[in-house]
Amino acid sequence: MAQTLLKHKLTILTLLLFSFLVLAQSHQFSRRLSQKSLGFKKEKLSHLHFYFHDIVGGDHPTAVRVAQATVTNTSRTGFGALVMIDDPLTVGPERTSKIVGRAQGIYASACLDETRLLMALNYVFVEGKYNGSTLSILGTNRVFSPVREMPIVGGSGLFRFARGYALAKTHFLNLSNGDAVVEYNVYVLHY
């Protein structure tokens, strides 16, 4: 009987030790993964070209000021203004051109000395093989520079683990109401 009790104690001790080891491994902070295990293939470079329509005026704006600082209206740069957007992305510069996606997110006037925006947005694609995929932009946009460069900091879908840059060039700007059409050339590395 004493021997059976000893066997049970050893079995319980072994199970406890094994459980402890399993739990200790499952709660680790990080681990190395192989790229093949996540389905990575050879990295590709894609070039996307589209037009961004920032519609501020009219009955159906796609860019709306949602907050501002107390100094915004007296600042020559609009410093402190925060705008939420859901802007169409089209194949051509005309508003009626085929929509390939939406630019969704925020931009804010983030400079006291010049018109410079902090852009935090996603390009959400709705057309072709990129339908359902997104690219994320986070960077500064010097609005009156002829060409602005902003970083691609990630993405989803076909753009998972994306990195690259976007070049923005103003195609049209209505100074009276703020409407703008911006041409984008996006260069993105992805799997």
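This is a short tour of a predicted model, going from its nonpolar core through a run of paired strands to a patch on the surface.

Begin by selecting Phe50, Tyr123, Phe125, Leu135, Tyr184 and Val186, which, of the 28 residues in the largest nonpolar core, touch the most other members. If you then colour the strands, you will find that E1, E3 (82-90), E4 (99-109), E5 (116-125), E6, E7, E8 and E9 (180-190) each supply at least two residues of this core, and that the largest share, five residues, comes from E5. In soluble globular proteins, nonpolar side chains tend to be buried together.

Stay with Tyr184 and show its surroundings: leaving aside residues up to four places away in sequence, Tyr184 touches ten residues you can pick out by name, namely Leu48, His49, Phe50, Phe52, Met119, Tyr123, Met150, Ala166, Leu167 and Ala168.

Next, select strand E6 (residues 134-142) together with strand E7 (residues 148-156), which run antiparallel and are joined by four bridges, with a hairpin of five residues leading from E6 to E7. Centre the view on Ile152 in E7, which is the bridge partner of Ile137 and, towards strand E8, also that of Gly164. E7 and E8 (residues 163-173) are likewise antiparallel, with five bridges between them, and in their hairpin, which has six residues between the strands, Gly157 takes a positive phi near 65 degrees.

Finally, turn to the surface and select Leu33, Leu38 and Phe161, which make a nonpolar patch of about 310 Å². Leu33 lies in the loop between helix H1 (2-26) and strand E1 (44-54), and Leu33 counts as partly exposed because its relative accessibility is 48%.

Technical notes: Residues are numbered from 1 along each chain as its sequence is written. This is a predicted model: local features need pLDDT of at least 70, side-chain atom pairs count only at pLDDT 80 or more; totals for chains, interfaces and linings use all residues. Side-chain values use heavy atoms; hydrogens and water are left out. Patches are made of residues with over 30% relative accessible area and no salt bridge: like charges are joined within 9 Å, nonpolar side chains (Val, Leu, Ile, Met, Phe, Trp, Tyr) within 5 Å. Accessible areas come from the Shrake-Rupley method with a 1.4 Å probe; for residues, only the protein chains shown count as cover. A salt bridge is a side-chain nitrogen of Lys or Arg within 4 Å of a carboxyl oxygen of Asp or Glu. Buried means under 20% relative accessible area, exposed over 50%, partly exposed in between (1.4 Å probe, protein chains only). Two strands pair if DSSP finds at least two bridges between them. A nonpolar core is a set of buried Ala, Val, Leu, Ile, Met, Phe, Trp, Tyr and Cys residues joined through side-chain atoms within 4.5 Å. Contact means heavy atoms within 4.5 Å.
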